[in-house]
Amino acid sequence: MTRVIWTCLLGAAWTMGMVSGAYAQSTEAWLLMRATNEDRVQHGLGSLKWDPSLAQAAQAHAERMVRQGALSHQYAGEPDLVTRTARDGAHFRTVAENVAVGPSPQGIEAEWMHSPPHRANILDARLNEVGIGLVWQGNNLWAVEDFAAGVAEMGSSQIERRVGQLLMERGIRPLAPSSAARQTCAMERGSAGTTRPKFIVRWQGSDLNRLPDVLEEQIRTGRFHTAAVGACSSGDGGRGFTTYRVAVMLF
């Protein structure tokens with residue numbers, strides 16, 4: 001019989017195949033990820049990608065479960081899920097975890113799919129990455145499956161180019177990168193530089209596939225034709241819940 005334990009999904013507070021390497025997949029981890037992705041595909045969802053940072057955190061927790069001899073998401077003296085995965089280098093806007101002990105990867109996946117909280121994690125459309133840690137103890141397989149809605153680690157120039165592309169798609173021409181735009185991003189109000197913009201929008205979030213509603217509304221007025229884009233530190237430490245901080249100055 002497989003024992004399972006569930007966790008609530010953890011989310012950011014802001015409104016806003018096999019691989020090589022130290023934490024490459026074992027055969028059992030590959031089988032468990034394949035079973036998870038088959039269940040997702042059957043429900044019209046995309047497959048999860050393997051993330052070595054999540055796998056590193058999951059493996060450490062699986063080994064701790066075996067030492068403790070009990071299933072848990074957090075033991076006395078152990079960091080919580082967010083801290084563990086962030087410490088091992090994961091970047092995300094949502095993170096979740098399933099744990100279990102059972103006879104095989106396929107048996108564990110089947111039990112998870114019959115447990116509503118575990119099933120909800122597996123079939124969460126927001127999630128796109130997974131890392132798995134496994135430890136055999138006799139005939140029992142101790143399993144940890146860490147999920148995340150991954151956020152790409154990007155520098156200021158990459159962020160500015162991405163936002164610039166969105167602006168161009170809406171008929172706004174991005175100006176050349178400038179220190180004034182980045183300084184404006186870091187300011188709470190006002191703007192840097194000698195040329196004053198007609199409108200400034202600052203925001204912080206983890207999705208660079210869309211612009212804030214207030215910026216979309218201003219663009220639709222037709223009053224603006226160019227924009228300066230600046231990115232700056234979001235203050236989140238670069239790991240764990242990862243967000244981008246951006247300022248757009250409209251001219």
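Is Arg210 buried, exposed or partly exposed, and what is its relative accessible area? In this predicted model, Arg210 is partly exposed, its relative accessible area being 38%. The side chain of Arg210 takes part in a salt bridge with that of Asp213, in which the N to O separation is 3.0 Å.

Salt bridges in the model come to a count of 9, and the pair formed by Arg210 and Asp213 is one of them. Another is formed between Arg84 and Glu97, whose side chains meet with an N to O separation of 2.8 Å. This pair links distant parts of the chain, since Arg84 belongs to helix α3, which covers residues 81–87, while Glu97 belongs to strand β4, the two residues being 13 apart. Both partners fall under the 20% limit that defines a buried residue: Arg84 is buried with a relative accessible area of 3%, and Glu97 is buried with a relative accessible area of 1%. A further salt bridge connects Asp124 with Arg126, the closest N and O atoms of the two residues lying 2.9 Å apart. In that pair Asp124 counts as buried, at 11% relative accessibility, whereas Arg126 is partly exposed, with a relative accessible area of 47%. Salt bridges with shared partners also join Glu78, Arg84 and Glu97 into one network, so that the buried residue Arg84 and the buried residue Glu97 both belong to that network.

A charged residue without such a partner is found at Glu109, which is placed in helix α4, a helix of residues 105–113. Glu109 is buried and yet has no salt bridge, the nearest side chain of opposite charge being that of Arg119, at 8.4 Å. Because a salt bridge requires a side-chain nitrogen of Lys or Arg within 4 Å of a carboxyl oxygen of Asp or Glu, the separation of 8.4 Å between Glu109 and Arg119 does not qualify. The side chain of Glu109 does, however, make a polar contact of 2.9 Å with the side chain of Thr36. When neighbours within four places in sequence are left aside, the residues in contact with Glu109 are Leu32, Ala35, Thr36, Asp39, Ile122 and Glu145, and Thr36 thus appears both in this list and as the partner in the polar contact.

Covalent cross-linking was examined next. The count of disulfides comes to 1, and the bond in question joins Cys185 to Cys232 with an S to S distance of 2.1 Å. The torsion about this S-S bond is about -70 degrees, and the disulfide is therefore left-handed. Since Cys185 is located in helix α7 (residues 179–186) and Cys232 in strand β9 (residues 226–232), the pair ties together parts that are 47 residues apart in sequence. Cys185 and Cys232 are both buried.

The count of aromatic pairs likewise comes to 1. The ring centres of Phe92 and Phe241 are 5.2 Å apart and the ring planes stand at 80 degrees, so the arrangement is edge-to-face. Because Phe92 lies in strand β4 (residues 91–102) and Phe241 in strand β10 (residues 240–241), this pair ties together parts that are 149 residues apart in sequence. With respect to accessibility, Phe92 counts as buried at 0%, whereas Phe241 is partly exposed with a relative accessible area of 23%. Strand β4 thus holds Phe92 of the aromatic pair as well as Glu97 of the salt bridge with Arg84.

Two further buried positions were considered. Trp142, in strand β6 (residues 140–150), counts as buried at 3% relative accessibility. The C-alpha atoms of Trp142 and Val66 are 7.1 Å apart in space, although the two residues are 76 apart in sequence. The side chain of Trp142 is joined to that of Gln137 by a polar contact of 3.2 Å. Ala192, by contrast, is found in the loop between α7 and β8 (199–205), where Ala192 counts as buried at 11% relative accessibility. Ala192 and Ala180, which are 12 residues apart in sequence, have their C-alpha atoms 5.0 Å apart. With residues up to four places away in sequence not counted, Ala192 touches Ala180, Gln183, Thr184 and Met187.

How values were computed. Residues are numbered from 1 along each chain as its sequence is written. This is a predicted model: local features need pLDDT of at least 70, side-chain atom pairs count only at pLDDT 80 or more; totals for chains, interfaces and linings use all residues. Side-chain values use heavy atoms; hydrogens and water are left out. Rings of Phe, Tyr and Trp (its six-membered ring) pair if their centres lie within 6.5 Å; planes under 30 degrees apart count as stacked, over 60 as edge-to-face and the rest as tilted. Helices (H or I, at least four residues) and strands (E, at least two) are DSSP runs, numbered from the N terminus. Buried means under 20% relative accessible area, exposed over 50%, partly exposed in between (1.4 Å probe, protein chains only). A disulfide is a pair of cysteine sulfur atoms within 2.5 Å. Lys and Arg count as positive and Asp and Glu as negative; His and the chain ends are not counted. A polar contact is a pair of N or O atoms within 3.5 Å; within protein, one must be able to donate a hydrogen and the other to accept it, and residues adjacent in sequence count only if both atoms are side-chain atoms. Contact means heavy atoms within 4.5 Å.
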